[in-house]
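Please find below some notes on the model, set out as numbered points. They take up charged side-chain pairs and then a sheet with its packing.

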Amino acid sequence: MTAPTPLEHRALLRKMYDAAVEAAHPASCVPPHLPQVPNNGTLRIVGAGKAAAAMAQATERHYMALGQGGRIQGFVTTRHGYGLPTEILPVIEAGHPVPDSNSIASAKIAEQFTRRAEPGDVVLCLLSGGASALWSAPVEGVSFLDKQSITQQLLKSGARISEINCVRKHLSLIKGGGLAACTHPAQLITLAISDVPGDNPDAIGSGPTVGDPTTLAEARAIIERYGLKPSENIQHALNNPDNETLKPGDPKLGNARYILVAAPKASITAGAEIAKTEGYRVEMLGDALEGEARDVGKAHAQMALDAKAKGERTALLSGGEFTVTVSGNGRGGPNQEYALGLAIGLAGARGISAIAGDTDGIDGGGGDADDPAGALVTPETITKAEAQNLNAAAFLANNDSTGFFHKIGDLLQCGPTQTNVNDFRAILIDP
């Protein structure tokens, strides 16, 4: 059969990405898990994350259809630009990935709102990736500027998301089981959309409704490991035993239930099914990959070249979340940096194209709703760059993957998707 053209590859890759996003959209994954409104109480709803507005929409529509809209109350917090119209549950927009004043205010409102829950009430927490920054009220003695500074340092350090969350949990009023402590003794139900490797509840949104196995000592070690410069207030807080998080098995978690409603594996599978129907042998590399984005990109390029040499139509799919160690002053995110590393490694090899995008629709950048979701790579990527005298390696060295792909027209732009199950990557190989 005739090998697909780069244009046909691009269309198929985008179709696969869209299928991955759709598989995790709150409109389909949230309603089946919504609890009954308590007979003698109120359903109190709080939520945070990049998918929070869509989760709120799906939730209130469910109860309104049952004629129970008057028996639910609450609010959710999402990233700036991710808001959606709602009728019962107001949506607050806050800063992400770096918290802002709305992040603090909404976390404090959530704390106060859940503390007012009566024993007959049910508290429903709608949680998705991004909640760590969006609910960011610091512990006593730590200022907004203190926490904003350490978050910025962590994001630029190359620290894994689990390490970033460990530090943030121990500087927060409601992360690391803090919200569960506020809710007790009322019943607590969490519906979560996972964006973390391994789908660990204590990592999704920094685990505000579950016990936290990490410790203050680990948080201090992470600060030291990456050579960060915390303020005196941060240092004092991380040495204060009162800031230790709620641990698994604590009695305050006795009435808490946690339900994972969407995870990366299902989204990657949705993309894989499309590739299979097009005649590709699918090789799943895993839904929880970690590592330095550019290095993994180059490693996957070699895997793709090896697959091409074997002469079989193959699709390599993966998920997870890569890191970027920032040393330049360009713009980009882990998916774009992965794509640039991949493109350099492929060096224009014919018959190989790829897509790498964050399923929330935004990959790094300035945190704006119109930032790209990622990038596409085709055999024409490097030749288009060379035609404009663009040095791909120099752009990579400057952490300017957005600038590179913008100039050659290969950015993946879709805007907020209203969900977030981490990254989706696919490489199509037609020998």
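1. In this predicted model, the side chains of Asp212 and Lys169 form a salt bridge, with 2.9 Å between the closest N and O atoms. The pair links distant parts of the chain, since Asp212 lies in the loop between strand S5 (187-193) and helix H9 (216-225), whereas Lys169 belongs to helix H7 (residues 161-169), and the two are 43 residues apart. Asp212 is buried, its relative accessible area being 0%, and Lys169 is buried as well, with a value of 3%.

2. A second pair joins Lys50 to Asp360 through a salt bridge whose closest N and O atoms are 2.6 Å apart. Here too distant parts of the chain are linked: Lys50 sits in the loop between strand S1 (43-48) and helix H3 (52-65), Asp360 is found in the loop between S9 and S10, and 310 residues separate them. Lys50 has a relative accessible area of 8% and therefore counts as buried, the cut-off being under 20%. Asp360, at 0% relative accessibility, is likewise buried.

3. Are the partners Lys247 and Glu244 buried or partly exposed? Their side chains meet in a salt bridge at 3.0 Å, N to O. Lys247 has a relative accessibility of 26% and Glu244 one of 30%, so both count as partly exposed, because these values lie between the 20% and 50% cut-offs.

4. The structure holds 18 salt bridges, and the pairs discussed above are among them. Arg10, Lys384 and Asp410 should be considered together, as salt bridges that share partners join these residues into one network.

5. Turning to the sheet, 6 strands form an open arrangement in the order S7-S8-S12-S9-S10-S11, with mixed pairing. Its edge strands are S7 (281-284) and S11 (411-412), each of which pairs on one side only. Helix H13 (residues 334-346) packs on this sheet, where it touches strand S9 (352-358), S10, S11 and strand S12 (423-429), and the direction of H13 makes about 15 degrees with that of S10.

6. How many bridges join strand S10 to S11? There are 2 bridges between S10 (residues 374-377) and S11, and these strands run antiparallel. Within this pairing, Ala375 has Leu411 in S11 as its bridge partner.

Key:
Residues numbered from 1 in each chain as written. Predicted model: local features only at pLDDT ≥ 70, side-chain atom pairs only at ≥ 80, totals over all residues. Heavy atoms only, no water. Pairing = 2+ DSSP bridges. Helix = DSSP H or I, 4+ residues; strand = E, 2+ residues; numbered from the N terminus. Contact = heavy atoms within 4.5 Å. Axes fitted to C-alpha atoms, helices over the stretch in contact; angles between N-to-C directions. Salt bridge = Lys/Arg side-chain N within 4 Å of Asp/Glu carboxyl O. Buried < 20%, exposed > 50% of the residue type's maximum accessible area, 1.4 Å probe, protein only.
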